[in-house]
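Here are some exercises to work through with the model open beside you. Try each task on your own before you read its solution.

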Amino acid sequence: MRSGAAGLKCAVAGLGLIAAPKVVGMQSWSSVSVPALPGRGPELRLYDTADRQVRPVTPAAGPGAKATMYVCGITPYDATHLGHAATYLAFDLIHRVWLDLGYQVHYVQNVTDVDDPLFERADRDGVDWRDLAAREVALFRKDMGWLRVLPPHEYVLATEAIAEIVELIEKLLASGAAYVVDPEMGEHHDVYYRADATRQFGYQSGYDRDTMLRLFERRGGDPRRSGKADQLDAVLWRAARPGEPSWPSPFGPGRPGWHVECAAIALSRVGSGLDIQGGGSDLIFPHHEFTAAHAECVTGERRFARHYVHAGMIGWDGHKMSKSRGNLVLVSALRAQGVEPSAIRLGLLAGHYRSDRFWSRHVVEEATARLHRWRTATTLAAGPDAADVIARVRRYLADDLDTPKAIAALDGWTTDALEYGGHDEGAPRTVATAIDALLGVDL
């Protein structure tokens with residue numbers, strides 16, 4: 001990447017954090033109680049995308065220690081599919097491990113309810129984009145509650161955070177990290193972020209420029225936009241176009257870009273020193289790279305988050321799951337078919353969260369059979385000692401959320417309980433409680 005004057009200007013700007021009044025986010029979904037377990041497991045270690053290695057996640061210590069997490073939410077133009085479920089389930093496990101370690105958790109999630117895919121789908125279906133967004137957000141909330149995913153502390157629509165987004169863009173313009181496209185080019189007066197505004201741009205993904213350009217164009221970027229200083233520069237504010245919603249701003253009516261939305265919401269809700277920025281692996285570039293860069297320009301910090309965590313993709317019967325293929329497995333459809341939410345959780349947890357993996361009828365059948373075996377074992381009058389298996393489950397989850405090993409440990413305890421019994425009358429109930437607390441599986 002280039003290392004021009006903009007990088008120096010951004011680094012020394014010292015503009016501070018966003019001071020816009022915080023808009024209270026919309027209601028997320030109902031939570032489930034998380035039972036407390038005796039003892040404490042090891043501290044969490046997760047793979048960091050930027051560092052390319054597993055390393056400790058270290059929230060600030062002390063009384064009332066708080067762990068912070070920002071996870072990118074949906075663009076509500078279609079129903080929740082298993083790819084969404086797998087991503088939010090991964091961060092649900094992190095949430096649960098942190099709670100088990102005794103941390104308070106400040107978890108923020110956004111909803112990108114103003115973006116091209118939403119407008120295109122609304123136009124195709126002949127509905128108002130706001131009605132489409134409201135419908136799909138309501139369905140998402142219902143699906144997440146049904147799957148027993150713990151809700152975020154703050155659940156924020158992009159349209160609720162326009163004032164904060166505008167203020168962040170103003171600061172980026174003032175620092176020289178952003179610019180308005182030259183009106184003499186005959187284009188709209190859009191505001192763009194300079195990809196070279198921070199020296200470290202590209203550190204999160206580690207991609208070379210050719211890869212960045214390819215993914216930028218494929219994932220919502222506009223490298224061929226005339227008037228830009230660099231093909232990789234990302235839009236911060238899109239000037240009003242006919243037929244599109246817009247909001248007033250000092251740089252003219254328009255709507256926010258995708259990446260700046262998340263930067264503004266994260267900074268205003270959490271501030272600097274974020275422990276985890278997370279989402280699916282398809283968000284590594286350009287979305288998370290630019291979100292981090294926008295925030296770093298404002299705070300002057302080297303890293304937006306201490307950890308960048310990304311979940312793998314889910315396919316169906318050997319093929320990548322995508323809207324264009326028409327092979328999406330919808331959570332609402334599984335719900336209508338009578339598949340138990342605990343079976344869906346177990347089916348997704350059978351693979352490692354960072355792995356691209358496939359969903360199939362066999363996965364459902366295996367997960368359902370496992371669920372029934374675990375239920376049978378945990379309703380016995382007595383069973384093998386629970387302390388060892390709980391300690392192992394905690395240890396495996398702390399090691400980059402190794403759910404396959406955690407499930408194998410519980411399978412082993414279940415086999416011993418069913419085939420050999422045990423003398424600990426409290427063990428079956430204790431194991432069921434641990435499965436609920438740590439894996440979110442209701443037996």
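## Exercise 1: A small sheet

This is a predicted model. An open sheet of 3 strands has the order β13-β12-β14, and its pairing is mixed.

**Task.** Work out which strands stand at the edges of this sheet, and find the bridge partner of Trp 316 in β14.

**Solution.**
- Step 1. The edges are taken by β13 (319–320) and β14 (357–359); each has a single partner strand, so one side of each is left without a neighbour in the sheet.
- Step 2. Now turn to β12 (residues 314–316), which pairs with β14 in the parallel sense over 3 bridges.
- Step 3. Within β14, Trp 359 is the bridge partner of Trp 316.

## Exercise 2: Where two domains meet

**Task.** Describe the interface of domain 1 and domain 2: how many residues are in contact, and what is the area buried between the domains?

**Solution.**
- Step 1. Start with the bounds: the domain assignment of the protein gives domain 1 as 45–314 and domain 2 as 361–439.
- Step 2. The C-alpha centres of the two domains are 37 Å apart.
- Step 3. Counting heavy atoms within 4.5 Å as contact, 11 residues of domain 1 touch 11 residues of domain 2.
- Step 4. About 970 Å² is buried between the domains, and carbon and sulfur atoms give 53% of that area.
- Step 5. On the domain 1 side, Leu 93, Arg 96 and Asp 100 supply 47% of the area buried against domain 2, more than any other three residues.

## Exercise 3: Charges across the interface

**Task.** Find how many salt bridges cross the interface of domain 1 and domain 2, then say which element gives the most residues to the side of domain 1 that touches domain 2.

**Solution.**
- Step 1. Recall the principle: side chains of opposite charge can pair when their charged atoms come close.
- Step 2. The rule finds 3 salt bridges across the interface of domain 1 and domain 2, while a search of the whole structure finds 31.
- Step 3. Take the pair Arg 148 and Asp 436: they form a salt bridge, with the closest N and O atoms 3.2 Å apart.
- Step 4. Between domain 1 and domain 2 there are also 8 residue pairs in polar contact, both residues being at pLDDT 80 or more.
- Step 5. β1 (45–48) and α2 (82–100) each supply at least two residues of the side of domain 1 that touches domain 2. Of the elements, α2 gives the most, with 6 residues.
- Step 6. Sorted by character, the residues on this side of domain 1 are 7 nonpolar, no polar and 4 charged.

## Exercise 4: Two arginines up close

**Task.** Look at the backbone of Arg 148 and the side chain of Arg 96: where does Arg 148 lie, and which residue forms a salt bridge with Arg 96?

**Solution.**
- Step 1. Arg 148 lies in the loop between α4 (129–146) and β5 (154–157).
- Step 2. Although Arg 148 is not a glycine, its phi is positive, about 65 degrees.
- Step 3. Arg 96 forms a salt bridge with Asp 92, and their closest N and O atoms are 2.9 Å apart.
- Step 4. Both Arg 96 and Asp 92 lie in helix α2, 4 residues apart, which is about one turn of the helix.

## Exercise 5: Strand pairs and a cis bond

**Task.** Follow the pairings of β1 and β8, then find whether the peptide bond from Phe 285 to Pro 286 is cis or trans.

**Solution.**
- Step 1. β1 and strand β2 (residues 53–56) run antiparallel and are joined by 4 bridges. Asp 48 stands opposite Gln 53 in β2.
- Step 2. This hairpin has 4 residues between the strands, and Arg 52 takes a positive phi near 60 degrees.
- Step 3. β7 (residues 191–193) pairs with β8 (residues 234–239) in the antiparallel sense over 3 bridges; here Tyr 192 stands opposite Val 235.
- Step 4. β8 also pairs with β9 (residues 254–256), again antiparallel over 3 bridges, and Trp 237 stands opposite Pro 256.
- Step 5. Finally, the bond from Phe 285 to Pro 286 is cis, with omega near 5 degrees. Pro 286 is found in helix α8 (residues 284–299).

Key: Residues numbered from 1 in each chain as written. Predicted model: local features only at pLDDT ≥ 70, side-chain atom pairs only at ≥ 80, totals over all residues. Heavy atoms only, no water. Domains from an automatic or database assignment. Buried area = accessible area lost by both parts, 1.4 Å probe. Salt bridge = Lys/Arg side-chain N within 4 Å of Asp/Glu carboxyl O. Polar contact = N/O pair within 3.5 Å; in protein donor to acceptor, adjacent residues only side chain to side chain. Nonpolar A, V, L, I, M, F, W, Y, C, P; charged D, E, K, R; others polar. Pairing = 2+ DSSP bridges.
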